[in-house]
Amino acid sequence: MPEENSSNSCQADSSRNSGSHASRNIVLCGVGGQGTILASKLISAASMAKGMEVHSAETIGMAQRGGSVFSHIRLGSGAQCPMNGAGTADIILGFEPGEAVRMLPYLKKGGMVVVSSRPVMPVTAALAGSDYNGEAMIEYLRAKAGQVVVVDTERACRELGSGKIVNLLLLGVAAASGQLGLAIEDIRQAVRLKVPEKFHELNFRALEYAEKLVR
């Protein structure tokens with residue numbers, strides 16, 4: 001039976017899973033209100049529907065206040081803890097460029113970063129009066145990460161008529177790239193399970209849009 005284990009209280013097992021062990025290590029990061037937690041739940045639901053064991057951990061305390069939000073997901077039978085160790089994530093989904101930079105130490109050598117081009121200053125940076133340059137964050141990612149896919153989410157949201165689909169856009173690009181370990185149809189089925197029906201059509205259009213970006 002597939003299993004989901006949500007906890008952030010344990011130390012990450014340090015070994016890199018391979019072979020018959022966990023098939024995917026994933027990190028999602030952004031700021032509150034971007035749909036990061038829902039994206040995590042969609043990945044978990046899609047994976048469990050395929051019979052995969054799922055371990056996940058997430059921060060939700062700042063999710064409603066514009067603070068930093070992140071989720072760790074480990075798919076497969078080899079993980080002993082939901083937290084990814086440094087240098088073990090196969091893919092990072094960055095809903096915000098600066099948050100993707102913050103999580104970059106988790107990415108393995110040759111791993112992929114799928115990141116939104118739109119910067120959103122976290123509350124902590126705004127309160128500190130910090131200067132923030134989203135383009136500089138993206139250039140840093142390109143210099144340091146193995147593979148970087150930048151998604152123009154601002155344009156996509158404008159063309160699709162909604163600002164609430166960044167999560168589905170990034171999930172769609174990640175799935176279409178082959179690096180997520182899930183197909184577009186797997187995500188679509190998870191949307192049917194986890195998202196109210198009135199939002200299905202919009203989310204499906206976002207997935208189709210994302211798939212075309214990768215072709």
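Which backbone nitrogen lies 3.1 Å from a polar atom of the side chain of S162? In this predicted model, the partner is the backbone nitrogen of K164. That small detail is a good place to start a walk through the helices on either side of S162 and the helices they pack against.

## The protein as a whole

The protein has 8 helices and 7 strands. It is built from 215 residues, and 49% of them count as buried. Contacts reach well along the chain: among those between residues at least 6 apart in sequence, 65% join residues at least 24 apart.

## Two buried loop residues

S162 sits in the loop between α5 (153-160) and α6 (166-177). With a relative accessible area of 14%, S162 falls under the 20% limit and is therefore buried. Leaving out residues up to four places away in sequence, S162 touches C157 and L202. C157 also takes part in the contact between α5 and α6, while L202 is one of the α8 residues that meet α5.

Q34 is also a loop residue, placed between β2 (24-31) and α1 (36-49). Its relative accessibility is 15%, so Q34 counts as buried as well. The side chain of Q34 has two backbone partners to look at. One of its polar atoms lies 2.9 Å from the backbone nitrogen of V31, and the side chain also reaches the backbone oxygen of F95 at 3.0 Å. Setting aside neighbours within four places in sequence, Q34 is in contact with F95, E96, V120 and N167. F95 thus appears both as a polar partner of Q34 and in its list of contacts.

## Three helix pairs

Two packed helices are described by the angle between their axes and the distance between the axes. The table sets out these values for three pairs.

| Helix pair | Axis distance | Angle |
|---|---|---|
| α5 and α6 | within 10 Å | roughly 115 degrees |
| α5 and α8 | 11 Å | about 130 degrees |
| α1 and α6 | within 9 Å | roughly 40 degrees |

Let us take α5 and α6 to begin with. Their axes come within 10 Å and cross at roughly 115 degrees, which means that α5 is roughly perpendicular to α6. The crossing is right-handed. On the α5 side, the contact is made by T153, A156, C157 and L160, and on the α6 side by V166, L169 and L170. Sorted by class, the residues of this contact are 6 nonpolar and 1 polar, with no charged ones.

Now for α5 and helix α8 (residues 200-214). These two pack at about 130 degrees with their axes 11 Å apart, so α5 is oblique to α8. Their crossing is right-handed. Here α5 contributes R155, A156, E159 and L160, and α8 contributes L202, R205, A206 and Y209. The classes in this contact are 5 nonpolar, no polar and 3 charged. A156 and L160 are listed for α5 in this contact, and both are listed in the contact with α6 too.

The remaining pair is α1 with α6. What does an angle of roughly 40 degrees make of these two helices: parallel or oblique? They are oblique to each other, because angles under 35 degrees count as roughly parallel. This crossing is right-handed. L38, A39, L42 and I43 in α1 meet N167, L168 and L171 in α6. The residues divide into 6 nonpolar, 1 polar and no charged.

## L38 and the neighbourhood of α7

L38 deserves a visit of its own. It lies in helix α1 and has 31% relative accessibility, so L38 counts as partly exposed. Not counting residues up to four places away in sequence, L38 touches N167 and V195. N167 is also among the contacts of the buried loop residue Q34. The C-alpha atoms of L38 and L168 are separated by 9.4 Å, although the two residues are 130 apart along the chain.

Which residues of helix α7 (residues 184-194) are buried? They are I184, D186, I187, R188, A190 and V191. The elements that cover these buried residues include α1, α6 and α8, helices already met in the pairs above.

Definitions and conventions
Residues numbered from 1 in each chain as written. Predicted model: local features only at pLDDT ≥ 70, side-chain atom pairs only at ≥ 80, totals over all residues. Heavy atoms only, no water. Helix = DSSP H or I, 4+ residues; strand = E, 2+ residues; numbered from the N terminus. Buried < 20%, exposed > 50% of the residue type's maximum accessible area, 1.4 Å probe, protein only. Polar contact = N/O pair within 3.5 Å; in protein donor to acceptor, adjacent residues only side chain to side chain. Contact = heavy atoms within 4.5 Å. Axes fitted to C-alpha atoms, helices over the stretch in contact; angles between N-to-C directions. Parallel < 35°, antiparallel > 145°, perpendicular 65-115°, else oblique. Left-handed = near helix turned anticlockwise from the far one by under 90°. Nonpolar A, V, L, I, M, F, W, Y, C, P; charged D, E, K, R; others polar.
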